[in-house]
Amino acid sequence: MNDRSRPAVQPIGFELNGRGVQVAVTASARLSDVLRDTLGLTGTKVGCSAGDCGACTVVLDGQQVCACTVAAGQVHGRRLTTVEGLAADGTLARLQQAFLAHGAAQCGACTPGMLMAAADTLARHPDPSAEQVADGLAGVLCRCTGYRAIVAAVLAAAGGPVSLPQAAPGRAVGARVPRLDGAARLDGRECYAADEAPADALWLRAVRSPHARARFRLGDLAAWIASHPGIVDVLTAADVPCNSFGIFDAVKDQPVLGDARVRFHGEAVVALVGTQEAVSAVHDEELPIEWSVEEPVLGIEQGLAVTGAPLHDFAPDNVLVRGRVIRGEVDEALRRAAFVAEGEFVTSHVEHAYIEPEAGYAMRMPMPDGGDRLRVFACTQTPYMDRDEIARILAIEPDRVQVVPSAIGGGFGGKLDLSIQPLLAVASWKLKRPVRGVYTRPESMLCTTKRHPARMRVRFGCDRNGDLVAVDFLGDFDTGAYASWGSTVANRVPIHASGPYAVPNVRALTRAVYTNGPVGGAFRGFGVPQSTFAHETLVDELARACGMDPLAFRLRNAIRAGQATATGQVLTASAGLVACLLRLQPAWEAARRRVEALDPASAGALRRGVGIACMAYGIGNTVIANPSTMRVGLRRNGRVVLYNGAVDLGQGSSTVLVQICADALGLPVHLFDQVTGDTDRTADAGKSSASRQTFVSGNAARIAGSVLRERLLALVCAPADARLRLVDTQLQVGEGSGTRSLDLSALDADRNGDVAVGEGSFDPPTTPLDGDGQGMPYATYGFGAQFAEVEVDIELGTVRVLHVEAAHDVGRAINPTQVEGQIVGGIAQGIGMALMEEYVAGRSDNLHDYLIPTVGDVPPVVVHVIEDPEPLGPFGAKGVGEPAMIPTAPAITNAIRHATGVRVTRLPVTPDRLRAQLLGKAKA
Amino acid sequence: MSSLPYVQPAILADALSALSQQRLVPLAGGTDFYPARVGQPVADGILDLSRLTDLCGLSTSVSGWRLGALTTWSALRRAPLPAALCALQRVAAEVGGVQIQNAGTVGGNLCNASPAADGVPALLALDAQVELQSVRGTRTMPLGQFILGNRRTARAPDELLTAVLLPHSGAHTRSTFHKLGARRYLVISVLMVAARLDLDDSGRVAAAAVAVGACSEVAQRLPLLEQRLAGRRLDAALREVPHAHDLAALTPRSDVRASAAYRRDAALTLVRRALGALCDE
């Protein structure tokens, strides 16, 4: 190691964003690293370091390239533009304004690369076609938006000046308010998890198991450290004060660092801490680790068969948890049913593939009493759970941990579990130095959670009229090596297994099964996308058996207000599936007629089909409490501050919650500032998951706004309907001659600088489920229906999605642009799940073997927003984040069935799988 | 601690001289070099080729086309090439995304020798030769002899691949390239097929070339099929000529992208389609 050569540092000069720069760096260093680390221009994002994602796209001598595949030495004497160079004099360029106006930036992690690719495209094609735009953006992956808003923004920027929508005071709800955090996501200023750390921070890199199941012994680490200059420490399980964590108190089964054994490929074994150069130069094989490899338990069948010893002593049958919903007499009803459709359905590991890999830093902060606290800065969907869990791992009180969420470059459930945070926390706490780390893309994919693979055996029965009479669902979910959110999936799925239909007899049983696979965690829909694939396939079969149109069959069975769900919960309002289906019906019928009129003889190998699917989804946690508290303060300087503990992963809560609060308070959105997520400065808003923030935190924000309004009115004894205005530091209440004025700058302020504060809390009402799963698990449900038109190449088994039309009941669209953005983005993930996404540990842990949809894979989408108001919701709103992706995959597979006659029972339906089925059908 | 060199010559002679004196990894577009080193520092001495402008671009002479090894896919995509080289331009439009096309080079694609290299089947079908230079001299060889296996080539450590040479085709030559992947853009090929037909004055096939990629360690021509195609009339029946046994020499593998059986099956479909497309032109 000591004699390892290192590259020479040399001077490199180039023109950067119109100004000459000189740096002294290693010439073979990646340009992306030089921009970020040496020049401090962190607007250029690193998503994969392999040219696969395009997040680091810059324009070099008038051509877009990935900065991660360019050597610094190659840039000498050339002209480079990065995202920081797009905006002139602090004003967003027209292209950036168009992104803002169209909601083209959600999490923002791909946005700098997307902007640079778009700028390059517009330079080449000033008046581009949509296809030229798609060609130009083809090298940048986006996981949030589904691309359509981006393409629209680029076309709009080419078309002329862009105007940003404005909301009238008091009318923010329902307005297309541009993201309030949008500008910083468009000019490169936004600070993501890898963008900031103390200058003196040490670097941490975990060494991970190359085996799915093994025992290991560590050799003489002290000697190894001594022979490796730059390595400060190698952390082991012995360094972790409490070496177990997990989501629920009942099962804390996951170690921070493996203790003599590992249970999945990618599990952290030891953590190297030292200089960045030293920790990255170490080859894992150099470490004194003696492996004893064991036969892994892979897949649900092996897990249930308990081949070898069980994963955990406390679960001798490898079953983490069972879920159960029983209603009526299923066997009897199925016996009497006129038609029964049944099948076994299988889905795969799916990777979240957010563009920002996990990163962060931890550092000790001295307290006045002489002790220390720990600050953890990282990307997370759940700062308060992180705080409590990090404290538990360090065996200190939660109030000694401060979690400061970074801007988050996408989550989708994948950042609901701790990842890099406990490693950084343990290292920093032990070494008393700031410690930072950044996951590589392969590491991020190897060690973080996945969507649970499912194996589902399902029967659906209906009577002669087409009324569903019974559902029998048996579903097993591969939860991998550790519990994570496995019990959430196992408990949520049975409630949803009969779909958004009124069915009198339901038996839905689930198991979450331990295996040596990747950890099954939270991912947009918590198992419901999997079960929806099963029930929507079978509902289509029953419609065919009855000779009914698939939409008409669903319309007949759609659950309505006044009817009971599988858990016996009678819906009282906001059950908008019927409205969704009626909205889709004309276009659906036209598409089916058009496709069925096509002559296969003239189509060569191409077959068209149109398929539909529906969904329902309980908003918020299943049964268990999920309160949120929001605070809003009025400052002496005339600004309003929302203390917002809900983190915005890109879905837009930082905009929506302000819109709600602003209207409740009666002041315009543009007067608001925010403090977001910081556990020292906000109240606990719960996690950003389960599509709950608009509904739950939205209510808290509404109440907080109302409370502050009442307090302000009381200060001047004004009536409840009095109008509020802020003119500099003057608060004016009322109209005309009756206006009363209050000089805020003259009032006493609290330690935050607020002269008046409103606080609101909300916890959606639920009741526990009994032994048969009967009760009220959610306060409200989202509903939706989507149809997709596909073109299947029957000789190759390839599928192109040509068009998707979606209708979702969101209660009330607080921000229609964001609702549409969630829906199109969800559809893109549904397309991926249907056609291409399958994670195999150690084989597809990169973004060229693991495929997610590109701009060319997401077709035009028509979105219908249905607003059947939820009485409990803020201004009638409920959630849409997860519902958006749930029906897409079965809509596509039902369209494939319509096109080819092949029933798809395994996802993803890759070209080889579909072709095999087509050949099998031809033989039969 | 010794220092790893980073050599950035401005002329070819200096590059060859540097290669003759020390072990250096030639770096062109970087689109294969850096992805092979994710999370690792560069631990190689580098010969940065980016200043060797002599190796960029296309030229034509009596002996044929010469593609400088550093010609990027974008340059190829935009170049005014004859219909005979259509296969190459279709490759250029389908390799990676625009960023890869702007940086990636023809020479790099060949020297990286991935079984899924999009450029290989097209250049095989176009009867490409490669030119290798070193201080010891210059040699040329058919592309089929240059690529020895998965990531293995006949390039000696002191040699640079300097050009790809394509013979002039007749006035009635056409070629095409079909790529199959599981998504629209930015996809590593499940398989790809390139085909070239030289037509005689009567419109019959004088000579044919068909190559299949990602179905064996190195992309392969299909000589038996090519022989059967020769002499045939250019009509719709041409696409019925290929049969499964023409692909017998292929050795496709199952991987995360597709099963072996599928590759064999789809290869036949793509070969037929490529020939059909050439008939339709």
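# Exercises on a predicted two-chain model

Helix H3 of chain A passes helix H4 of chain A in a right-handed crossing. The model is predicted, and the exercises below work from its computed geometry.

## Exercise 1. The helix pair H3(A) and H4(A)

Task: determine at what angle helix H3 and helix H4 of chain A pack, and which residues meet.

Solution.

1. Helix H3 covers residues 111–124 of chain A and helix H4 covers residues 130–137; their axes lie 9 Å apart and the packing angle is about 130°.
2. This angle makes H3(A) oblique to H4(A), since angles over 145 degrees would count as roughly antiparallel and 65 to 115 as roughly perpendicular.
3. From H3(A), the residues A:Met114, A:Ala117, A:Ala118, A:Asp120 and A:Thr121 meet A:Gln132, A:Val133, A:Gly136 and A:Leu137 of H4(A).
4. By class, the residues of this contact are five nonpolar, three polar and one charged.

## Exercise 2. A four-stranded sheet of chain A

Task: establish the strand order of the open sheet that contains S22, S30, S31 and S32 of chain A, and state which strands are at its edges.

Solution.

1. The order is S22-S30-S31-S32 in chain A, and the pairing is mixed.
2. Strand S22 (606–618) and strand S32 (861–866) of chain A each pair on one side only, and are thus the edge strands.
3. From one strand to the next, the twist averages 15°.
4. Within the sheet, strand S30 (residues 781–793) and strand S31 (residues 798–809) of chain A run antiparallel and are joined by eleven bridges. In one of these strands, S31(A), A:His803 is the bridge partner of A:Glu789.
5. Helix H21 (residues 888–900) of chain A lies across S22, S30 and S31 of chain A, and runs at about 150° to S22(A).

## Exercise 3. The partners of strand S15(A)

Task: describe how strand S15 of chain A pairs with S16 and with S18 of chain A.

Solution.

1. Strand S15 (residues 359–366) and strand S16 (residues 372–378) of chain A pair in the antiparallel sense over seven bridges. A:Met363 stands opposite A:Arg375 in S16(A).
2. S15(A) and S16(A) form a hairpin with five residues between them, and A:Gly370 in the turn has a positive phi of about 100°.
3. With strand S18 (residues 435–438) of chain A, S15(A) also pairs in the antiparallel sense, over four bridges. Here A:Ala362 has A:Val435 as its bridge partner in S18(A).

## Exercise 4. Dimensions of the chains

Task: assess the radius of gyration of chain A and of chain B against that of a compact globule.

Solution.

1. Chain A has 22 helices and 32 strands, and its C-alpha trace spans about 85 × 75 × 60 Å along its principal axes.
2. For 924 residues, a compact globule would have a radius of gyration near 29 Å; the 28 Å of chain A agrees with this.
3. Chain B has nine helices and 15 strands. Its radius of gyration is 19 Å, close to the 19 Å that the globule rule gives for 281 residues, so chain B is as compact as a globular protein of that length.
4. The C-alpha trace of chain B spans about 65 × 45 × 30 Å along its principal axes.

## Exercise 5. The contact of the two chains

Task: state how many residues each chain contributes to the contact, and which element gives the most to the side of chain A.

Solution.

1. Chain A contributes 51 residues and chain B 42 residues.
2. On the side of chain A that touches chain B, at least two residues each come from strand S1 (6–7), strand S5 (63–66), helix H8 (276–281), helix H13 (441–447) and helix H22 (911–923) of chain A.
3. S5(A) gives the most to this side, with four residues.
4. The residues of this side of chain A divide into 20 nonpolar, 21 polar and ten charged.

How values were computed. Residues numbered from 1 in each chain as written. Chains lettered and ligands numbered in written order. Predicted model: local features only at pLDDT ≥ 70, side-chain atom pairs only at ≥ 80, totals over all residues. Pairing = 2+ DSSP bridges. Axes fitted to C-alpha atoms, helices over the stretch in contact; angles between N-to-C directions. Contact = placed C-beta atoms within 7 Å. Parallel < 35°, antiparallel > 145°, perpendicular 65-115°, else oblique. Left-handed = near helix turned anticlockwise from the far one by under 90°. Nonpolar A, V, L, I, M, F, W, Y, C, P; charged D, E, K, R; others polar. Rg over C-alpha atoms; globule rule 2.2 N^0.38 Å.
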